[in-house]
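Here is a short briefing on one chain. It moves from a single residue to the fold, then to a pocket and to ring contacts.

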Amino acid sequence: MPSIARGVARSERNPAAWLFLAPALILIAVFFLLPVIAALMLSVTDFDIYALRDPANARLVWLENYARLLRSPLFWQALRNTLYFAVVGGPLSIAASLGAALLLNGRTVRLRGLFRTIYFTPFVTTLVAVAIVWRYLYHPRYGLLNYALGWIGVAPIDWLGDPRWAMPAIIIMAVWKNFGYNMLIFIAGLQAIPTELYEAAEMDGAGSLSRFRHVTWPMLGPTMLFAGVITMIGYFQIFAEPYVMTQGGPLRATTTVVLLMYEEGFRWWRMGYAASIAFVLFVIILLATLVQFRLQRGEER
């Protein structure tokens, strides 16, 4: 806090600092703050397709959209699906990223640059293209995955047509698509750990597992927090995967909060109701982020 106060005091004494900050602050105000305020105002109205034609048709309903949202069984189902995706898919993505980073961080690994590029490629590939390819992999009759399962005697699974398997199938695809980004972050975190710590632990007779537990894991705390928060925020906002692969089905098993918001806003033109969904999701993400920060502080203590 004292450092922040000193920084503010310096900026007040130096008008040139505000001059350099002004373009960024103006862009943030125009493209972030104003839309957020407009969406908040929209969420307390019944703005719909009739109000889109004539804004005078919009009425102020205050918290009615939020009350209706909390009474909606479809919203609670979408929230459960989103939580399922984030709670299961997020840790799986982090684990896959950390495992790949540990494998590629060793000095004895050949062609490390090539493997890093290969693992990172899915992340920069268009999500719609990836989802379409995985739809063919999951095909119940001609999919490569069911073909491989047939070799070991497992009956074909309707991955995207069975409510029990649809969300796990999307989670597998999302983990494969996104783990490369966190992998690079973990590699940077691993390379920042002083080698003297590993040498001292090795001299004390610590094995590989012990070095990971007592050296690598504690030193990766800030990196783990950053990767966890970024992954959690992205997974709570899942939209393209179920939209392209299942359209929210079967039986609403893959309908997420953002997909529901899209349907209400751009299919049924209930813009005020859709805005209320967006702000409820914002509060949920904010609470989940605060929980992660609190858990990280507890581990540091």
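**Briefing**

Ile230 is a residue of helix α12. The model is predicted. Ile230 is partly exposed, because its relative accessible area of 37% falls between the 20% and 50% cut-offs. Helix α12 also matters for the account of the largest pocket below, where it gives the most to the lining.

**Overall fold**

- The chain is built with 15 helices and zero strands.
- Its C-alpha trace spans about 75 × 75 × 35 Å along the principal axes.
- The chain has 301 residues, and 37% of them are buried.
- Take the contacts with a separation of 6 or more: 66% of these join residues 24 or more positions apart.
- One pair at longer range is Ile230 and Ile170, which are 60 residues apart in sequence. In space, their C-alpha atoms are 19 Å apart.

**The largest pocket**

- The volume of the largest pocket is about 690 Å³.
- Its lining counts 25 residues, and the closest to the pocket centre are Met224, Leu225, Gly228, Gln292 and Leu295.
- Which helix gives the most to this lining? It is α12, with nine residues.
- Four helices each supply at least two lining residues: α5 (73–104), α11 (208–219), α12 (221–236) and α15 (271–300).
- By residue class, the lining divides into 17 nonpolar, six polar and two charged.

**Aromatic pairs**

- How many aromatic pairs does a search of the whole structure find? The search finds 17.
- One of them joins Phe75 and Trp76, with 5.5 Å from centre to centre and 65 degrees between the planes. This pair is edge-to-face, because planes over 60 degrees apart count as such.
- Is Phe75 buried or exposed? Phe75 has a relative accessible area of 2%, so it is buried, the cut-off being under 20%.
- Its partner Trp76 is partly exposed, at 38% relative accessibility.
- Phe266 and Trp269 make another edge-to-face pair, with ring centres 6.5 Å apart and planes at 70 degrees.
- Phe266 counts as exposed because its relative accessibility of 52% is over 50%.
- Trp269 has a relative accessible area of 30% and is partly exposed.
- Ring pairs also link a cluster, made up of Trp134, Tyr138, Trp159, Trp165 and Trp176.

**Around Glu264 and Tyr273**

- Glu264 sits in helix α14, which covers residues 257–267.
- Its relative accessible area is 7%, so Glu264 counts as buried, under the 20% cut-off.
- Which residues does Glu264 contact, leaving aside neighbours within four places in sequence? They are Trp269, Arg270, Tyr273, Ala274 and Ile277.
- Trp269 therefore appears twice here: as a contact of Glu264 and as the ring partner of Phe266.
- Tyr273, also a contact of Glu264, has Arg68 over the face of its ring. The distance from Arg68 to the ring centre is 4.1 Å.

Notes: Residues numbered from 1 in each chain as written. Predicted model: local features only at pLDDT ≥ 70, side-chain atom pairs only at ≥ 80, totals over all residues. Heavy atoms only, no water. 1 Å grid on protein atoms, 1.4 Å probe; cavity = no way out; pocket = protein on both sides within 12 Å on 5 of 7 lines; lining within 4 Å. Points joined across faces, edges and corners; volume = space filled by probe spheres on them. Nonpolar A, V, L, I, M, F, W, Y, C, P; charged D, E, K, R; others polar. Phe/Tyr/Trp six-rings, centres within 6.5 Å; stacked < 30°, edge-to-face > 60°. Buried < 20%, exposed > 50% of the residue type's maximum accessible area, 1.4 Å probe, protein only. Lys NZ or Arg CZ within 6 Å of the ring centre and 35° of its normal. Contact = heavy atoms within 4.5 Å.
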